[in-house]
Amino acid sequence: MGRSSLRAWLLVVSVLFAAAVVGGIAITTYIIVADGMQGVAADATQRMATSASTVVRDALSEAEVAASAQGFAGTPRAQIALGTVLTRLPSLLGRPGVAEADCALYSATGEPIWSTAPTGLWPGMGALRNQAAAADKITLSTAQPGGMLSGLLRQAKLAVRVVHVPIVLPDGTTGVLDVTYRPVTEERVIDAVRAPMAALAISAFFIMVLLMQTSMAWVLSLVDTLRRAADSIEAGQLDARLPEAGTNEISALAHSINRLIERLQRRSDAQARFVADASHELATPVAGIRGYTSILRAWGAEDPKVRDEAVDAIDRESRRMARLTGDLLNLLHADQGLVLKTERFDVNALVRDRLAATASRWIDKDIDYIGPEDEDALVMSGDPDRVEDIVSILLDNASKYTRAGGQVTVKTKRRREMVVLEVSDTGQGIPPDDLPRIFDRFFRSEASRAAGEGGFGLGLAIAKSIVDSMGGEVEVQSEVDKGTTFIVRVPRGRL
Ligand code: ADP
């Protein structure tokens with residue numbers, strides 16, 4: 001996904017999220033308000049119905065008593081009583097607490113006798129009224145259904161309820177008083193709430209989107225800075241670093257990436273140095289071979305002595321090259337992670353074997369080689385070839401840097417789960433300044449260069465690389481003109 005599409009996607013997500021949250025809150029608030037208002041209207045209807053029916057019943061009985069007192073009886077009394085009541089009803093029902101209600105009185109046959117509404121009240125409810133009269137029970141019905149959510153967008157419309165109250169008329173029949181209340185005030189409350197609520201919801205929506213966009217833009221700008229820095233690193237500027245300001249997760253990421261780049265830079269520098277050193281070392285024998293080849297061409301045919309010398313020198317230089325390329329290959333393999341064998345073998349036997357080989361190689365120097373004191377086997381599980389490489393390198397160095405008549409000693413022991421090999425000599429020692437660098441590739445001390453011992457400065461680097469890949473460690477102790485001790489610790493392995 002491209003950067004701009006990520007931004008667009010985040011915008012869509014934040015808009016949808018804000019719409020869902022704000023819309024949800026707005027709808028819930030509206031439903032709570034509308035439901036409350038509907039409840040208020042229902043209560044008002046009930047209250048007014050009770051009051052209105054009491055007013056009508058009281059008026060009827062008063063009128064009947066008055067008509068009787070005047071000596072009327074039977075049908076005339078009923079007619080006079082009803083007539084009196086009907087003329088008095090507007091003033092009786094116009095009193096506060098009942099005035100907001102619409103009332104209509106129906107006869108037992110369903111005819112409207114009197115109504116506050118000019119066209120009569122809810123003419124279509126005859127059946128429901130009859131039921132109420134027949135059961136002689138106050139019943140409630142819905143005259144006009146309301147729309148709970150319609151008020152969100154249009155004018156609010158609450159349900160209108162009608163209370164049917166059976167009333168015994170002066171002629172003994174049961175009429176019905178319909179009382180209803182139109183919840184205009186409650187609907188107005190809802191309508192009044194709608195506009196500010198919408199304004200509030202819209203502002204909340206935009207504020208939310210703005211806040212989310214601002215914070216996302218901030219995060220994206222940090223990521224963008226990282227990307228730009230990473231691009232310049234990709235373009236080969238390994239010395240570039242990502243900005244690490246702040247203590248947030250992005251700066252922690254930048255910190256980790258910077259450490260990674262530093263490691264890469266160190267490795268790349270080391271590789272460049274290694275290639276330069278290797279080329280330099282290879283250049284010396286190549287130059288020698290070329291020089292002697294020219295001599296051979298010029299004078300080889302005439303002077304057999306010159307020819308023999310040149311051939312010897314070419315042979316010597318090419319052997320040196322072969323040794324160097326062999327060392328370089330060993331180092332490369334050790335660097336790439338050696339595939340190590342796991343065999344059980346006796347370290348003491350291996351060391352004795354190497355001591356004998358080294359002694360025969362350096363026979364001219366008359367060095368005293370002292371092997372492991374322990375006659376018993378020191379068994380370990382690992383790669384005997386690699387251990388042999390390490391011992392050979394250390395014994396060769398010890399022989400190389402020890403004067404004739406000196407002593408080279410190898411001690412072996414077991415320390416917990418490790419096998420410890422100590423190779424000591426009574427040689428020239430290593431100056432303290434050189435000690436930290438002797439495991440570096442191509443490092444050779446001035447003394448050994450001057451003495452022309454002929455190494456490439458790769459032996460210890462190879463030995464250390466092998467020890468590292470075995471999960472061990474190597475340490476050196478040395479005193480100038482007294483001697484040097486290399487201590488190698490490698491895991492004994494599972495036996
Ligand atoms: P080289 O081929 O020069 O011996 P190494 O990597 O084996 O390369 O050793 C690096 C340097 O460490 C040597 O040039 C030498 O100066 C020093 N060194 C190694 N072993 C010994 C030793 N036993 N005594 C004195 N110096 C040593």
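These are legends for four close-up views of a predicted model.

**View 1. Helix H8 against helix H10.** Here we're looking at H8, which covers residues 384–400, and H10, which covers residues 459–469. Their axes come within 9 Å and cross at roughly 150°. Angles over 145 degrees count as roughly antiparallel, so H8 is roughly antiparallel to H10. The crossing itself is left-handed. On the H8 side, the residues in the contact are Arg-386, Asp-389, Ile-390, Ile-393, Leu-394 and Asn-397. They meet Gly-459, Leu-460, Ile-462, Ala-463, Ile-466 and Val-467 from H10. Sorted by class, that contact comes out as eight nonpolar, two polar and two charged residues.

**View 2. The surroundings of the ligand.** There are 20 residues around the ligand, and Asn-397, Lys-400, Tyr-401, Ser-445 and Leu-460 come nearest. Two of these names should look familiar: Asn-397 of H8 and Leu-460 of H10 also take part in the helix contact of the previous view. Now zoom in on the ligand's oxygen atoms. A polar atom in the Lys-400 side chain sits 2.9 Å from a ligand oxygen. For Ser-445, an N or O atom of the side chain is 2.7 Å from an oxygen atom of the ligand. With Leu-460 it's the backbone that takes part, with a polar atom 2.8 Å from a ligand oxygen.

**View 3. Helix H7 against helix H8.** H8 turns up again, this time with H7, residues 347–361. The two pack at an angle of about 40°, and their axes are 10 Å apart. That angle makes H7 oblique to H8. This crossing is right-handed. H7 brings Leu-350, Val-351, Arg-354, Leu-355, Thr-358 and Arg-361 to the contact. Facing them in H8 are Pro-384, Val-387, Glu-388, Val-391, Ser-392, Leu-395, Asp-396 and Ser-399. The class tally for this contact is seven nonpolar, three polar and four charged residues.

**View 4. Leu-86 and its contacts.** For the last close-up, we go to Leu-86, a residue of helix H2, which spans residues 74–93. Leaving aside residues up to four places away in sequence, Leu-86 touches Leu-105, Ile-113 and Trp-114. Take Ile-113 as one of these partners: Leu-86 and Ile-113 are 27 residues apart along the chain, with 8.2 Å between their C-alpha atoms.

Technical notes
Residues numbered from 1 in each chain as written. Predicted model: local features only at pLDDT ≥ 70, side-chain atom pairs only at ≥ 80, totals over all residues. Heavy atoms only, no water. Axes fitted to C-alpha atoms, helices over the stretch in contact; angles between N-to-C directions. Helix = DSSP H or I, 4+ residues; strand = E, 2+ residues; numbered from the N terminus. Parallel < 35°, antiparallel > 145°, perpendicular 65-115°, else oblique. Left-handed = near helix turned anticlockwise from the far one by under 90°. Contact = heavy atoms within 4.5 Å. Nonpolar A, V, L, I, M, F, W, Y, C, P; charged D, E, K, R; others polar. Near = heavy atom within 4 Å. Polar contact = N/O pair within 3.5 Å; in protein donor to acceptor, adjacent residues only side chain to side chain.
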